[in-house]
Amino acid sequence: PESNLKQAWLVPSASALPNEHGTAPGWWVDGPDGSVATLLPGPPREMRPMWFEAVVPRLERRGFGRASVVRLFRLAGIGESHVADRLGRELLEAPNPDVATFARNDAVDVRIVALGDSPDEATTAADGASASVRAALADHVWAEGRASWSEVVDRALADRGANLVIDEEGTAGALVGLLGRCERLRSAAVRGPAGGNRVDRAGPALGDVRLSLRVAPASEGRDLVAEISIGGEGLDVRERATAFLADEQGLARTAVAAAWALVRALRNGGTAR
């Protein structure tokens, strides 16, 4: 019946668990952090067999009951396919630790899930895989663990004892949207065809780090070209980046490119062009 079709609904990230005693499938969902969610039908005569026949075997294959350690590396300036190339098939196809890549809006993530018969064994396995990831991708790692761009930029600014001033044009505010939670963001100007607006927490001051982002369509009009400049005491950075597609996601990519340039500049100092 039409009213029963909803029993077959699945969210896009779920795979179906077979129901040998009814019509509603269960759900199995792999979370990006290594977690698992299962949803089972309510009647015990359906739920109990599904749990023991479909869920428990999968959990056991995933190390259910064993110690586990999860590590996360957040990357910028590199695509997911190139990340996989650098890591290599041997590392990515090993059963333990499980190393997987995920393309996010603000990063490419590399997740490590290591299992062991003891916490020390799991940690040792995770340490080995982490060393391999760092060796292959250290030049693109902007954070380890579940950190945001705002958190990472704040820490880098705090290390210099500096605040941040943002000036962006043609971005629809994408950079402020990415870094707007920075506690050390002193002021931000967003400029566009409809006129600009400004967010001031305090007036600009000597010693502030100034991040400028200018975005315009590429000559062929399909992609975006970003002009990034960073100034401040000991900082003089000029970079040019191309973002795929001149749409909202393309604007978000230019903001990530600017944030990545800022993090590198704050960590390394000096001059880059």
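How much space lies in the largest pocket? In this predicted model, the answer is about 600 Å³. That pocket is a good place to begin a tour of the structure. Its lining is made up of 29 residues, and those nearest the centre are Gly77, Ile78, Asn105, Arg253 and Val256. Three elements each give two or more residues to this lining, namely β12 (224–232), β13 (235–243) and α7 (248–268). Among the contributors, α7 supplies the largest share, with 9 residues. Sorted by class, the lining of the largest pocket holds 15 nonpolar, 8 charged and 6 polar residues.

The second largest pocket has a volume of about 350 Å³. Here 18 residues form the lining, and Gly34, Arg62, Gly63, Val113 and Leu115 lie nearest the centre. The elements that provide two or more residues to the lining of this second pocket are α1 (44–61), β4 (67–75) and β6 (108–116). The lining of the second largest pocket comprises 7 nonpolar and 7 charged residues, together with 4 polar ones.

From the pockets, the description turns to the interior. In soluble globular proteins, nonpolar side chains tend to be buried together. In this model, the largest nonpolar core contains 43 residues. Within this core, the residues with the most contacts are Trp149, Leu164, Leu179, Val209, Leu211, Ile230 and Leu262. Helix α7 gives the most to the core, 11 residues, and α7 is also the element with the largest share of the lining of the largest pocket. Another core lies apart from this one; it has 15 residues, including Val83, Ile112, Val133 and Ala136.

Two of the residues with the most contacts in the largest core can be followed in more detail. Leu211 sits in strand β11 (residues 209–217). Why does Leu211 count as buried? Its relative accessible area is 2%, and the limit for a buried residue is under 20%. Beyond the residues up to four places away in sequence, Leu211 touches Leu164, Val165, Ile166, Asp167, Leu175, Leu179, Ile228, Ser229, Ile230, Ala258 and Leu262. Leu164 has a list of its own: with residues up to four places away in sequence again set aside, it touches Val153, Leu157, Leu179, Arg184, Leu185, Arg186, Ser187, Val209, Leu211 and Leu262. Leu179 and Leu262 thus appear among the partners of Leu211 and among those of Leu164. For a sense of distance across the model, the C-alpha atoms of Leu211 and Leu17 are separated by 50 Å, with their positions 194 residues apart along the chain.

A charged residue is found in a buried setting as well. Asp109 belongs to strand β6, an element that also contributes to the lining of the second largest pocket. With a relative accessibility of 2%, Asp109 counts as buried. Its side chain makes a polar contact of 3.3 Å with the side chain of Arg104. Not counting neighbours within four places in sequence, Asp109 is in contact with Leu72, Phe73, Arg74, Ala100, Thr101, Phe102 and Arg104.

Arg238 offers a more open setting. This residue is placed in strand β13, an element that helps to line the largest pocket. Is Arg238 buried or partly exposed? A relative accessible area of 39% makes Arg238 partly exposed. The side chains of Arg238 and Asp236 are joined by a polar contact of 3.0 Å. Arg238 and Glu227 are 11 residues apart in sequence, and their C-alpha atoms are 7.5 Å apart in space.

Some details of the backbone complete the picture. Asn96 and Pro97 are joined by a cis peptide bond, with omega at about 0 degrees. Pro97 lies in the loop between α3 (89–92) and β5 (98–103). Which loop holds Ala172? Ala172 is found between β8 (164–169) and α6 (174–179). Although Ala172 is not a glycine, its phi is positive, at about 55 degrees. Ala172 counts as exposed, with 74% relative accessibility. Leu245 is another residue other than glycine with a positive phi, near 75 degrees. Leu245 lies in the loop between β13 and α7, and at 24% relative accessibility it counts as partly exposed.

Technical notes
Residues are numbered from 1 along each chain as its sequence is written. This is a predicted model: local features need pLDDT of at least 70, side-chain atom pairs count only at pLDDT 80 or more; totals for chains, interfaces and linings use all residues. Side-chain values use heavy atoms; hydrogens and water are left out. On a 1 Å grid over the protein atoms alone, a cavity is a set of points where a 1.4 Å probe fits but cannot get out, and a pocket is an open set with protein on both sides within 12 Å along at least five of seven lines; lining residues have an atom within 4 Å of a point. Grid points are joined across faces, edges and corners, and a volume is the space filled by probe spheres set on the points. Helices (H or I, at least four residues) and strands (E, at least two) are DSSP runs, numbered from the N terminus. Ala, Val, Leu, Ile, Met, Phe, Trp, Tyr, Cys and Pro count as nonpolar, Asp, Glu, Lys and Arg as charged, and the others, Gly among them, as polar. A nonpolar core is a set of buried Ala, Val, Leu, Ile, Met, Phe, Trp, Tyr and Cys residues joined through side-chain atoms within 4.5 Å. Buried means under 20% relative accessible area, exposed over 50%, partly exposed in between (1.4 Å probe, protein chains only). Contact means heavy atoms within 4.5 Å. A polar contact is a pair of N or O atoms within 3.5 Å; within protein, one must be able to donate a hydrogen and the other to accept it, and residues adjacent in sequence count only if both atoms are side-chain atoms.
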